Amino acid sequence: MKRLSLLLLLCLTAQAGCSKTEQQSHTRTEAQSQPQPRNIIFMIGDGMGPAYTSGYRYFVDNPETKEVDPTVFDRLLVGTASTYPDDDTYVTDSAASATALATGIKSFNGAIGVDTEQKPLQSLLKHAKRLGKNTAIVVTSELNHATPASFVAHNNSRGNKDAIANDFIDIKINNRPTVDLMLGGGQQYFQRRDRDILQEFRNLGYQSATELSQLENITGIPAIGVFADKGLARAIDSDTPQRLSHMTGAALALLKKHSGKAGFFLMIEGSQIDWCGHANDIACAMREMDDFARSIEIVEKFIQENPDTLLVLTADHSTGGLSLAADKEYLWRTEVIAQQRKSLAEFSRDLQSDADPGKSWQENFGYPLQAQELLALKESQASSEATYDAVVRISSRYSNTGWTTRGHDAVDVQVFAYGHGSELFRGFQDNTAISKKILQLMDGILTH
Ligand SMILES: [Zn+2]
């Protein structure tokens, strides 16, 4: 049954008066017989529009069997969400959308945890922290990138990366930083010449690691792992393509062991699905989807063993205007996509100084170029932009993948949920409603 709390909405829109509200809702919760989920896991596939989950189903399908097997996305699908920002466009960026998902309030493109008046907003993560839960963030982007930042920081521009990194340690709840466990990239922002935030975390008793191979050395909470200067290597280019699922498993084990009765709030982002979409690189995107899907399966298993846990999963927007066919041809060639060895970005960079681009093409994509295509590719080597455009054009034609933009589009995204309270996310909703429902569930105001 749904019961809205005005006090709670006040808490969402203004920092002041929040603790009183929380106290009241907490008391009310304890009086109720229906318990709220102890643990909340919020997963975001950055840029993961509906074509990405359909594409992933066909990408991993076994062509030997007649039926197309459903994926974890198909199993957990419950609804859809609109993503438009509070701006003069229907097309959101990751900052406005992450702010909506993190706080329940729409804002302008570029906004990190602030409203259209540029006032700081309360986030789900910080609310969870105030309720005594352990809080955690696991991403493959920089920790201070738009999506995770919107759960922690407040800034008028996502581009202020140093200031946003500072917020990770400067904003405190009960005299402690707001996130107890952070795994991702962004070392260059957390270990700067002017400020060594990583060391400051160590001084506060955080365990730390700077190599993904040292993740096992983190044995407790609080802890911070920054595993790359900026984002982690793309799955398709990485020696450890399952890095998000690896970090997800480690985070869940730590949170399970070190969270008390209050449980935990964990935000996991498949950050680079979006980056591959911007790059119009379908093989890159499908490899990111694979790591993300494995992470979801780990969470799914965790919930089967810990049913007092809620998973809500969505995308912040879709990227690239991806379509799974193009040019009137009724074909989408997953076998061509599966053969690609390096990302288009890495391949194009190497191609700039390549004396034999035809040979390199065959090695990277598994098929030879026609004479015309090879000529066009050689001509494009004059500029890096032209090379990239040629590589996208030719490789997309072979897989018959369509892209209409190098940016985002306004199509609705899917909503997936599993576990305690998952049925509350069924049907169509705005992205802000997802956040509000999670917050109300945490407070026991929304029950099921
Ligand atoms: Zn994007």
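1. Let me start with Arg234, which counts as partly exposed at 28% relative accessibility. Please keep in mind that this is a predicted model. The side chain of Arg234 meets that of Asp237 in a salt bridge, with N to O at 3.0 Å. Asp237, for its part, is buried, and its relative accessible area is 18%. The cut-off for buried is under 20%, so Asp237 falls in that class with its 18%.

2. Now for the overall layout. The protein chain splits into domain 1 (6-319 + 413-443) and domain 2 (334-399). Taken over C-alpha atoms, the centres of domain 1 and domain 2 are 35 Å apart. Domain 1 brings 12 residues to the contact, and domain 2 brings 14 residues.

3. How much area is buried between domain 1 and domain 2? The figure is about 1,000 Å², and carbon and sulfur atoms give 53% of that area. On the side of domain 1, Phe59, Asp237 and Asp281 supply 35% of the area buried against domain 2, more than any other three residues. Asp237 is thus a residue to look at twice, as it is in this trio and also in the salt bridge with Arg234.

4. You may like to check the polar side of this interface. The rule finds zero salt bridges across the interface of domain 1 and domain 2, but it does find seven residue pairs in polar contact there, both residues at pLDDT 80 or more. Two elements, α3 (50-59) and α13 (282-305), each give two or more residues to the side of domain 1 that touches domain 2. The largest share of that side, four residues, comes from α13. By class, the side of domain 1 that touches domain 2 holds seven nonpolar, one polar and four charged residues.

5. Ile337 makes a good viewpoint for browsing the model. This residue lies in helix α14 (residues 334-339) and is buried, with a relative accessible area of 2%. Leaving aside residues up to four places away in sequence, Ile337 touches Phe59, Ile282, Ala283, Met286, Arg287, Trp332, Ser399 and Thr401. Phe59 will be familiar from the trio that also includes Asp237 and Asp281. Ala371 is 34 residues from Ile337 along the chain, and the C-alpha atoms of the two are separated by 22 Å.

6. On to the salt bridges elsewhere. A search of the whole structure finds 23 of them. Side chains of opposite charge can pair when their charged atoms come close. One of these pairs is Arg349 and Glu346, whose side chains meet at 3.9 Å, N to O. Arg349 and Glu346 are three residues apart in helix α15 (residues 344-351), so about one helical turn separates them. Arg349 is exposed, at 53% relative accessible area, whereas Glu346 is partly exposed, at 22%.

7. What does the salt bridge between Asp389 and Arg406 tie together? The closest N and O atoms of Asp389 and Arg406 are 3.3 Å apart. Because Asp389 lies in helix α18 (residues 384-399) and Arg406 in the loop between α18 and β12 (408-409), the pair ties together parts that are 17 residues apart in sequence. Both residues are partly exposed: Asp389 has a relative accessible area of 32%, and Arg406 has 38% relative accessibility. Finally, Arg75, Glu297 and Glu300 are joined into one network by salt bridges that share partners.

Notes
Residues numbered from 1 in each chain as written. Predicted model: local features only at pLDDT ≥ 70, side-chain atom pairs only at ≥ 80, totals over all residues. Heavy atoms only, no water. Domains from an automatic or database assignment. Contact = heavy atoms within 4.5 Å. Buried area = accessible area lost by both parts, 1.4 Å probe. Salt bridge = Lys/Arg side-chain N within 4 Å of Asp/Glu carboxyl O. Polar contact = N/O pair within 3.5 Å; in protein donor to acceptor, adjacent residues only side chain to side chain. Nonpolar A, V, L, I, M, F, W, Y, C, P; charged D, E, K, R; others polar. Buried < 20%, exposed > 50% of the residue type's maximum accessible area, 1.4 Å probe, protein only.
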